[in-house]
Amino acid sequence: MKLLKVCTLAMSLFIGTACFAKDSLAFDNKIDYADKANWACLELEKDKPVDVFFVAPTVDMGKDGNLNASLNATYKQKFIGATNMERGIYDHVGRIIAPYYRQATFAIYSMSLEDQEKYLVPAYSDIRDAFKYYLDNYNNDRPLILAGFSQGSDMIIRLLKEFYADRKYQKKLIAAYCVGWRLTKAEKQANPHLKLAKREKDLGGIILFNSETKGITKSIMIPENFKTYCINPLSWKTNTKLADKKLNLGACFTDYSGKINKEVPHMTGAYIDKNRGCLVVPDVNPKEYPAHIVLDGIFHIYDYQFFYRNLQANVKTRTDAYLSKHK
């Protein structure tokens, strides 16, 4: 009965976010994305063949009691820092395009999934507006990578649900890197146009994984009794076979400037858990890599960092495959 209740709630949420929610759930005052000050990164002059529309993770913890962020100077500084931590994975192939948005704060993740939507849907209204402005004014029919982390990946998945049933968008999509978030069978059934990457060179597909130690039963990203799709960033396969740490090209630990402060080749192997769909990293001691904001052993904040070089290489592989196909 408990599982049925969870699944029913999940299905209603997933169907509800398949298309944009009612305008009443959007912010009353829209962000003017014609103003370049409302973009954390807008590399319009960069000479690269593709664009990377990147959505930053949660940086506002909600310690002031706020449940959506305000675009003040402190928030923007943290926002740019969080974007810089991941941008090195993408900026060798494309122009980084990253909008500010009034994200839901970390405080909402202690709520029920249904109540979280009250703050995530308005956050998505900003991302939707930014994406539409980008498409109408900056894209100019260029190939596109969608990318995010954590809440940013949630926002990217919402864009995919709403926009990418249209083939004119599908044909320009290289890949969607939705690291640190979930996509379930219920979501896929409600949005049959969503495509999952299953191999190293698949185009137009979704790449996602959530790193954990063995034995975790629930997290913010994968709640109890949920199972997510996953791809192994070492083998680029979706089976449950262990990919040896020799395949790990390098874990890179970056700071808010984007600088790599430490690199560890062959840090850990990885395999996909058959029950939850999380990515188990058997060679990492949770005490050495504390979670800080969640339970130790949930390596959420390290998702990009543990597999940095493999992700960096794969972004180039998929981009090269796309450009070769569309000469």
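In this predicted model, Arg309 is partly exposed, with a relative accessible area of 22%. That puts Arg309 just past the cut-off, since buried means under 20%. Its side chain meets that of Glu263 in a salt bridge, with N and O 2.9 Å apart. The pair links distant parts of the chain: Arg309 sits in helix α8 (residues 308–325) and Glu263 in strand β9, 46 residues apart. Glu263 is partly exposed too, at 36% relative accessible area.

Helix α8 also holds a salt bridge of its own, between Asp320 and Lys316, whose closest N and O atoms are 2.7 Å apart. These two are four residues apart in the helix, so about one helical turn separates them. As for why that spacing works, an α-helix has 3.6 residues a turn, so residues three or four places apart point the same way. Both partners are partly exposed, Asp320 at 37% and Lys316 at 43%.

Back at the other end of the Arg309 bridge, strand β9 (residues 260–264) runs antiparallel to β8, joined to it by four bridges. Ala251 of β8 stands opposite Val264 of β9. The two strands make a hairpin with five residues between them, and Gly258 in the turn has a positive phi of about 95 degrees. Strand β8 (residues 251–254) is covered on both faces, with Ala251 and Phe253 buried on one side and Cys252 and Thr254 buried on the other.

Salt bridges turn up elsewhere as well, and the whole structure has 17 of them. One joins Arg102 to Asp126 at 2.8 Å, N to O. Arg102 lies in the loop between β3 (94–99) and α3 (113–137), while Asp126 is in helix α3, so this pair ties together parts 24 residues apart in sequence. Here both partners are buried. Glu43, Lys46, Arg87 and Asp91, for their part, are linked in a salt-bridge network.

What about the interior? Strand β4 (residues 144–149) has six of its six residues buried, so the rest of the structure largely encloses it. Leu144, Leu146 and Gly148 are buried on one side, with Ile145, Ala147 and Phe149 buried on the other. That two-sided pattern fits the general rule that side chains in a regular strand alternate between the two faces of the sheet. Strand β4 pairs in parallel with β2 (residues 50–55) over five bridges, and Val52 stands opposite Ile145. It also pairs in parallel with β5 (residues 173–179), this time over six bridges, with Leu146 partnered by Ala176.

Helix α4 (residues 151–163) gets similar cover: 12 of its 13 residues are buried, so it too is largely enclosed by the rest of the structure. Among the buried ones are Asp154, Arg158 and Lys161, alongside Met155, Ile156 and Phe163. The helix reaches 18 Å from its first C-alpha to its last, close to the 18 Å expected.

A smaller topic is the open sheet of three strands, ordered β7-β11-β10 with mixed pairing. Strands β7 (211–212) and β10 (271–272) stand at the edges with a single partner strand each, so one side of each has no neighbour in the sheet.

Overall, the protein has eight helices and 11 strands. Its radius of gyration is 18 Å, close to the 20 Å the globule rule gives for 327 residues, so it is as compact as a globular protein of that length. Of the 327 residues, 56% count as buried.

Terms used. Residues numbered from 1 in each chain as written. Predicted model: local features only at pLDDT ≥ 70, side-chain atom pairs only at ≥ 80, totals over all residues. Heavy atoms only, no water. Expected span 1.5 Å × (residues − 1). Buried < 20%, exposed > 50% of the residue type's maximum accessible area, 1.4 Å probe, protein only. Pairing = 2+ DSSP bridges. Rg over C-alpha atoms; globule rule 2.2 N^0.38 Å. Salt bridge = Lys/Arg side-chain N within 4 Å of Asp/Glu carboxyl O.
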